[in-house]
Structure formats: structure tokens, C-alpha cells
Amino acid sequence: MQWRSEVWIKSIFRVLVVFSPIILLIGFYRNISFLFLLGLAIIFLYGTLLLQSRSAINEIVLDTSKQVHRLFPGDTDQFYVKLLHKGRWPSYRGELIFTHRAPISVTGDVESNNTAKGRIEVKRHFALYRKTVFTQTIPFTATKRGTTRISNLTLQVQDPLSLSGQALAYMGIFPTEIVVYPRPLPVHRIEHLFSQGSGESVRPFALFENVSLPAGNREYAPGDAFHKIHWKATARSGSLQTKVFEKTVVYHWTFVYTILPDHKEMKSSEDMESEISHLAYMCQFAAEKGIPFEVYINFKVPGPIGMYHVPTGSGAVHLSSILEGLARIDRSNVIVKPQIMWNKMDRNFVGTSPFVIFLGHIPTDPNSQILIKKWSRSGGRTFYVEHNEEHAILMPYFSSEVASC
């Protein structure tokens, strides 16, 4: 059984039903045809209403085909609610009612009384005839990042005389979900991490030098850092020489979004939305360039790692998975301490040269800097996103890592 039923009868009709046997008897014994027929009519109507309410539970069937819609803010789409009449009752009429959350806007929304949970109530009229199908199509517009399910689905069935009503509440979870991805917001300078190589393919190229891979030396040029002077070559040649290192080609990016666990220091909703949008942009950028990437966020989720982590991958499917995960982030999520996340990252970086981009809280404590310097010594590079209300820009964690262009 799909429905939980609740029937109500108008007060005046309920009073008539209670006194209908008395009216019937008075009309019969006093030979008053009007009262006798009135009593019969009231009993007949009451029986008809009970029969309709019992029939509706079994004869109205809700189509539970799964519907999942994925959109960006501003996109439009539509979902449907399909009702099937599988009985003999002539027809059912009334209102179709359901609720949704704010990530979408549906034409004809009315405010729900249950504002504490942030849900919006929608009402639509329906008419379902015997052995037919009624399909209500609901157009909507994605308004902001987030997810919502269509819930609290109820049919308000009315009788033709409006003497009573019946509420059929769907007891399951209506399998329609809408996922609104974050709107990508640009991060300046990320394009500097790439250069166009020979041929048609685009390859990632970090404009940073790997100090563990010396490539020789060259004549000193104004602006070269003092620590890059090659003193032995200078002594041999008699003129200042500068060390030259191999450029680091990066085939794996690690995005790390960190939220402080202390709620007093948590960012505002607007800041969090901006940071998530910047992360979405960089993931999209990496996917378009064919660069494998992974994402760490210190929100607690079920699983062996105990927090949000999408392993390294590339392509449209990988990007879609990450964007959906970003859509599901909520301020009510339980937060993992940043140091725990960074230590787990460090274990995963063993034997590699990590390329890390931090968003949100930027680690500056001694323990975190020990890890970041460790990654740097292994040939890794670290950046962070600095943003304000106007723009975001990619900055090197250590100023010495920037190569002259």
C-alpha cells in the first residue's frame, strides 16, 4: 500500500449523519415522505463517501520511476508526477501537494507553514478518470547550489458535493532528486600552469622549478635570486653564473578545501559559496585540460578515510562526480580537524611529488609547514587561492617557488 489515508467530514454533514437514523424513523412512522427520503439520502451519501475513500487508497497508484536532474544555477528543467487509476470508481479530483527546498524555484510556489525546515509548498489541481493516467509536469529553475528532494507528496481528494475530504499521504520516498551544481567562478593565474606544446594536445606545465633536478647553468641576469647563483661555475668561468633547474611537469593536482572546526571562526555562507565556486572552476579547468586531479574536503562522510575525498581521476564523468559532491556540501556537515586531513594526505603522498592547491583556511601553523616543506623537498609545489569580493587569484605558498617567465 502506497498511501496513508486521513478522512474528514464537514461538521454540519457529520451532525446530519448522526441524526439520519432518527430522521429516517420519524419519516417512516409519521408517514412524512420528505424526512424519510432525506434520511435515506444522508445515509446513501455517507456510504458513498466511505466507499470512495476506501477505493482511493487501492485504486490510485503513484508512478515511482526514478528521476534525477543535474543543473547549474539559472538552468531550467522539469519533472513530473504521474498518477494511474486502476479501479472502477468514476473519477477522483482534488489537489496534488508536495514540498521542495530553495535550490529550485517552481512556478506557482506558495509559502509553507513549515518554514522552520526551509521547505516550500506547491499545489496543483488534478483530475483522474477511470482507467486513465494523469501526468502533472512541473517546470522549475535552478536558483542556487544545493540539492532537494520532492517530499511530503499528498493528494487532497474531494467529493463532488464538497461535504468531505481525504488526504492520501505517500508513505515512501518519492524518487525525484534535483542537484544544482555550484556556479564556477574564475581563479586568475591558474592558466599560467599550462603551456601549449607541439602538436595538437595541450599538456600541463607548471611554471615552477624543481630544485631536485638541476639542468645546468647560464649567465647571471638582473633579477636572479641570490640563492640561485652557481658559485663553482662562477669560479671556473670568471663571471657570475645562475643555476638552471628543470621545469616541473605536473600530471596530478590535489585540491584541498579546509573549513575550520571552530564555528566561531567559520566563514559566512557567502564566503563558503564563493570558495566552493572557485573550486568548481579549477576542477572544470583541469578536466578540460585533461589533467587528473583529486579533491579533499574536511567534511566527515562515511567511508574508510572518514572524510570527503574523491580519488584521482579525469574526464567528464570524474568532474560530474565532484560537482555533485560540491552541491551536497552543507554547513551542517560535521567537520574533521584540518591537521587530521593533512596527515592523511601526507601518507597518500609518499613517493610522489604532490601539487597542492589550498582553498578556505590556509595552514600556517608549525606542524602544517613541516609537512608542506617536506612536500617541497620531494619536488612538490603548493599554492593557495586568495580571494575577495571582486576576484580570486592563485598564489604560491612559498614565494621562492615562482619561476621567472
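Trainee: Let's start with Arg328 in this predicted model: is its side chain buried or exposed, or something in between?
Mentor: Happy to start there. The relative accessible area of Arg328 is 36%. Buried would need under 20% and exposed over 50%, so Arg328 counts as partly exposed.

Trainee: Which residue forms a salt bridge with Arg328, with the closest N and O atoms 2.8 Å apart?
Mentor: A nitrogen-to-oxygen distance of 2.8 Å falls inside the 4 Å cut-off. The partner counts as buried, at 11% relative accessibility. That residue is Glu177.

Trainee: How many residues apart are Arg328 and Glu177?
Mentor: Arg328 and Glu177 pair through a salt bridge. Arg328 sits in the loop between α5 and α6 (338-348), while Glu177 belongs to strand β13 (residues 176-180). The pair therefore links distant parts of the chain, and the separation is 151 residues.

Trainee: Which residue does Arg70 pair with in a salt bridge?
Mentor: Here too the closest N and O atoms are 2.8 Å apart. Arg70 lies in strand β3 (residues 67-71) and its partner in helix α5 (residues 315-327), so the bridge ties together parts that are 254 residues apart in sequence. Arg70 is partly exposed at 43% relative accessibility, whereas the partner is buried at 16%. The partner is Glu324.

Trainee: Which helix holds the residue that Asp346 meets in a salt bridge?
Mentor: Asp346 meets Lys374 at 3.1 Å, N to O. Asp346 lies in helix α6, and the two residues are 28 apart in sequence. Asp346 is buried at 11%, while Lys374 is partly exposed at 39%. The helix of Lys374, residues 366-377, is α7.

Trainee: Which residues do shared salt-bridge partners join into one network?
Mentor: The count for the structure comes to six salt bridges. Some of these share partners. The residues joined into one network are Arg70, Arg149, Glu177, Glu324 and Arg328.

Trainee: What is the volume of the largest cavity?
Mentor: Good thing to check next. A search of the whole structure finds one cavity of 30 Å³ or more. Its lining includes Val7, Leu49 and Gln166. The volume is about 60 Å³.

Trainee: Which elements give two or more residues to the lining of the largest cavity?
Mentor: The lining residues include Gln52, Ser53, Val157, Gln158, Ser164 and Gly165. The elements giving two or more residues are α2 (33-59), β11 (151-158) and β12 (164-170).

Trainee: How many nonpolar, polar and charged residues line the largest cavity?
Mentor: Asp159 is one of the lining residues, and Asp counts as charged. By class, the lining has three nonpolar, six polar and one charged.

Notes. Residues numbered from 1 in each chain as written. Predicted model: local features only at pLDDT ≥ 70, side-chain atom pairs only at ≥ 80, totals over all residues. Heavy atoms only, no water. Salt bridge = Lys/Arg side-chain N within 4 Å of Asp/Glu carboxyl O. Helix = DSSP H or I, 4+ residues; strand = E, 2+ residues; numbered from the N terminus. Buried < 20%, exposed > 50% of the residue type's maximum accessible area, 1.4 Å probe, protein only. 1 Å grid on protein atoms, 1.4 Å probe; cavity = no way out; pocket = protein on both sides within 12 Å on 5 of 7 lines; lining within 4 Å. Points joined across faces, edges and corners; volume = space filled by probe spheres on them.
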